[in-house]
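Here are my comments on the model you sent round. Please read them with the structure open.

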Amino acid sequence: MLKIVFSLMLLLLVSIACSEKETNNKSGFPFVLPKEKPDRDMSAAMERIYTDYESPQPQNNELFSQFKYTELKGFDYNNNDGTISRRDPSKILFHNGKYYVWYTYRNTPTPPQGAANCNDTIPSSDWDLSDIWYATSADGFNWEEQGMAIARPEKPLVGWRSITTTDILKWKGKFYLYYQGFMEASGKRGDDCPVAVSYADSPDGPWTPYNKIIIPNGEEGEWDQYSIHDPYPLVHNGKIYIYYKSDFGEKPHLVRMQGLAIAENPLGPFTKHPLNPLITSGHETSLFPFKEGVAALVYKDGPEHNTIQYAQDWVNFEIASITELMPYAAAPFVPDAFDDTKDGRGITWGIAHFINATGNWNKYCSKLVRFDCDLSQDIHDPEMKQHRVNHKPDVYYRQKLSKKQLLRIEQENHQLIQVSGLK
Ligand code: AAL
């Protein structure tokens, strides 16, 4: 017992000594923030100003932006009754004077009913029993739905249950759509699927399915053994880099992280990077070449959600900025996505989605939306660089306390009165 007390005392003394350790600083930190790292002892946070961020002012950081949203025209959702859903859009492709976008399209007799209640026509989830549809636009705001691009194949081919969450690659004049290929209803065990691919000579098709698993699930016990989600192809170093997500761990301690698979041929074989997972947060992967590296929009899940990250080597990502109101399933227009560029110019807009767009869980459907930003070397839009979004009070009031939280607070008040009453 005495030993424990002694070591705790020692630990306490050491920690006090550290926090009050002598520094070499002869004066306080300068009034004008030095542009270069000053020769003085600094706190960890101050060190990060000189190691992590392009600028101490977000508005001067090329990889910081706010996001603006615009409702799209040209898509019908059956009066939001949950039978039609569009979600998880692809990157935008510009071809022959038009923008193209592909997405998960569900059109079922009912809204999603859960894995226990689904069947051959009733979907388990918002992306069950889906196909890949596409639309074109001259301006990115007004879209003309072109219809089916790829239909899910017959059983037992990969994706027979549902094909979803597609993304586009242009390689040597041909076009490739990678997508999740479900062989069981999502939610039976988990959101389990590998990745499949179809190819065409034109973005308008016809698309030929490769009908083989192109990025397989990991080995048993590996992080990506069940799900290979959100395939996101870019071209780098003369190869195809496909970033992807996997959901792993045991519920409710599920984590979502991002990996990378590389191939010299669009139809594989793809080799998974030995350092996978590469990004420890986020949900759908959204990336774009930036200068000599690659930037990533990391939102929604994980300890580093709501960050924009950067990897000069396309593998080791660092946080470049922290932002807010990030687009869900962002699918940017990346003009140089397939140019194997060594000076990525960045992005200014794209398509994203709002899941459960009406907020009615019994009529669950998702909708496509346009987002705009300034993550580009070629524009400087100060309105996109405001480092705080001034929300109106009603935005905060909508984050209401639940009945359970109100009850907890009431009990805490009661206990406090009880205790104070005793003094
Ligand atoms: C999306 C994506 C993948 C998942 C599901 C549909 O947001 O992460 O595509 O499987 O949710």
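The points below cover the basis of the model, the ligand site, one sheet, one loop residue and the cysteines.

1. Basis. The model is predicted: local features need pLDDT of at least 70, side-chain atom pairs count only at pLDDT 80 or more, and totals for chains, interfaces and linings use all residues. Residues are numbered from 1 along each chain as its sequence is written, and side-chain values use heavy atoms, with hydrogens and water left out.

2. Ligand surroundings. The residues around the ligand are R87, D88, W127, T165, Q180, D191, H229, D230, K245, H283 and E284. A residue is listed if one of its heavy atoms lies within 4 Å of the ligand.

3. Polar contacts to the ligand (N or O pairs within 3.5 Å; within protein, one atom must be able to donate a hydrogen and the other to accept it, and residues adjacent in sequence count only if both atoms are side-chain atoms). D88 places a polar side-chain atom 3.4 Å from a ligand oxygen, and for H283 the distance from such an atom to a ligand oxygen is 3.4 Å. In H229, a side-chain N or O atom is 3.5 Å from an oxygen of the ligand. The protein buries 97% of the 280 Å² that the ligand exposes when taken alone, with areas from the Shrake-Rupley method and a 1.4 Å probe, where for residues only the protein chains shown count as cover.

4. Sheet. Four strands form an open sheet in the order β11-β12-β13-β14, paired antiparallel; β11 and β14 (271–272) are its edges, each pairing on one side only. Strands are DSSP E runs of at least two residues, numbered from the N terminus, and two of them pair if DSSP finds at least two bridges between them. β13 (residues 255–263) is joined to β14 by two bridges, and K272 in β14 is the bridge partner of A261.

5. Loop residue D224. Where is D224 found? D224 sits in the loop between β10 (208–209) and β11 (229–236). D224 is buried, at 1% relative accessible area (buried is under 20%, exposed over 50%, partly exposed in between; 1.4 Å probe, protein chains only). Leaving aside residues up to four places away in sequence, D224 touches N217, G218, Y244, S246 and K272, a contact being heavy atoms within 4.5 Å.

6. Cysteines. The disulfide count is zero, a disulfide being a pair of cysteine sulfur atoms within 2.5 Å. Why is C193 not bonded to C118? The C118 sulfur, the closest to that of C193, is 15 Å away, which is too far for a bond. C365 is also in no disulfide, its nearest cysteine sulfur being that of C118 at 19 Å. C193 is buried at 1% relative accessible area, and C365 is buried at 0%.
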